[in-house]
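User: Hi! I have a new structure open and could use some help finding my way around. Can we walk through it together?

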Amino acid sequence: MDLAEIWRVMRRRWYVLLPGLLLTAALTTAVHLLIPVEYQSQSTVTLLNSSKATEAFDGNPFLSTQASLTGMADGLARNLNSDGAKADLKALGVTGKHEVKIADNAQGPFMWLTVTGTDPAAVLKSDELLASYADKRLGEFQTQQSVAPVAMIRMATIVPPQKPQAQTKTRLQYIVMVGALGFVLSLVAVFFVEARRRTPRGKDRPAPAGTQPVPATAGPDAATAGATDETMALRTVGSGGAGAGSP
């Protein structure tokens, strides 16, 4: 079946295709309205060496980096993603979903603090609260280990919480999936109806002019026998005519 035939079938069975397309349009519109747009805000922080460890660098923490800072960043990120931290953040007023992890391709103890939600203003506020809570948890870790204040690791903000950006990828994927599935099912219904309505090949086909239909009960032998009888009759007539003309 080529494209021209497919088009002819679709045009012939438009009364099946049209309701399917209308239903598909209604479903895609419902998905568009029911799935809200999500917004995301992200900030970047880094861990810095203690003031005591930077004395040899004239107090510049960016000149003093240690592998232990990256390990501390990983441990802090795991703690901020825990259920206990989620409960604390919710009590502080953080809404939506938050995630803390070491920044991709980071060459140091850099961390991404990300908050996702449906209200842009609430997302931005929640990202700010998350950054403050992360700094607080860093201090609590070291206080529990009785670390002296001058030897404590510090946190600095590299990129403050950014303006929330709309995340439409997920909703667009659902809309495309529903639209494609509805269109395919509509075509399946069209060709199903077409197959049911078509007359089977050879059924009700008229016989060619000048031929006598063979009875349904007669097989090939019956047709052969009829032809033989007709031939014998012609031979008999011919023989009789020849006898009548003899003296």
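**A walk through the model**

Analyst: Happy to! Keep in mind that this is a predicted model. Let's start with Val100: leaving aside its neighbours within four places in sequence, Val100 is in contact with Ala77, Leu80, Asn81, Met111, Trp112, Leu113 and Leu130.

User: Cool. Which residues of the largest nonpolar core touch the most other members?

Analyst: That core has 23 residues, and Leu76, Leu80, Val100, Met111, Leu113 and Met155 touch the most other members.

User: And which elements supply at least two residues each?

Analyst: Those are S1, helix H3 (67–80), helix H4 (83–92), strand S3 (110–117) and helix H5 (120–144). H5 gives the most to this core, with 7 residues. Another core lies apart from it and has 6 residues, including Val9, Met10, Leu17 and Val190.

User: New topic: is Thr44 buried or exposed?

Analyst: Thr44 has a relative accessible area of 12%, so Thr44 is buried. You'll find Thr44 in strand S1 (residues 38–48).

User: What is Thr44 in contact with, leaving aside its neighbours within four places in sequence?

Analyst: Its contacts are Met111, Trp112, Thr157, Ile158 and Val159.

User: Last one: how do the axes of helix H2 and helix H6 cross?

Analyst: The axes of H2 (residues 14–34) and H6 (residues 169–197) cross at roughly 165° and come within 9 Å. The two helices are therefore roughly antiparallel to each other, and H2 passes H6 in a right-handed crossing.

User: What residues does their contact have, by class?

Analyst: The contact of H2 with H6 has 14 nonpolar, 7 polar and 2 charged residues.

Conventions. Residues are numbered from 1 along each chain as its sequence is written. This is a predicted model: local features need pLDDT of at least 70, side-chain atom pairs count only at pLDDT 80 or more; totals for chains, interfaces and linings use all residues. Side-chain values use heavy atoms; hydrogens and water are left out. Helices (H or I, at least four residues) and strands (E, at least two) are DSSP runs, numbered from the N terminus. Buried means under 20% relative accessible area, exposed over 50%, partly exposed in between (1.4 Å probe, protein chains only). Contact means heavy atoms within 4.5 Å. A nonpolar core is a set of buried Ala, Val, Leu, Ile, Met, Phe, Trp, Tyr and Cys residues joined through side-chain atoms within 4.5 Å. Axes are lines fitted to C-alpha atoms, for helices over the stretch in contact, and angles run from 0 to 180 degrees between N-to-C directions. Angles under 35 degrees count as roughly parallel, over 145 as roughly antiparallel, 65 to 115 as roughly perpendicular and the rest as oblique. A crossing is left-handed if the near helix is turned anticlockwise from the far one by less than a right angle, and right-handed if clockwise. Ala, Val, Leu, Ile, Met, Phe, Trp, Tyr, Cys and Pro count as nonpolar, Asp, Glu, Lys and Arg as charged, and the others, Gly among them, as polar.
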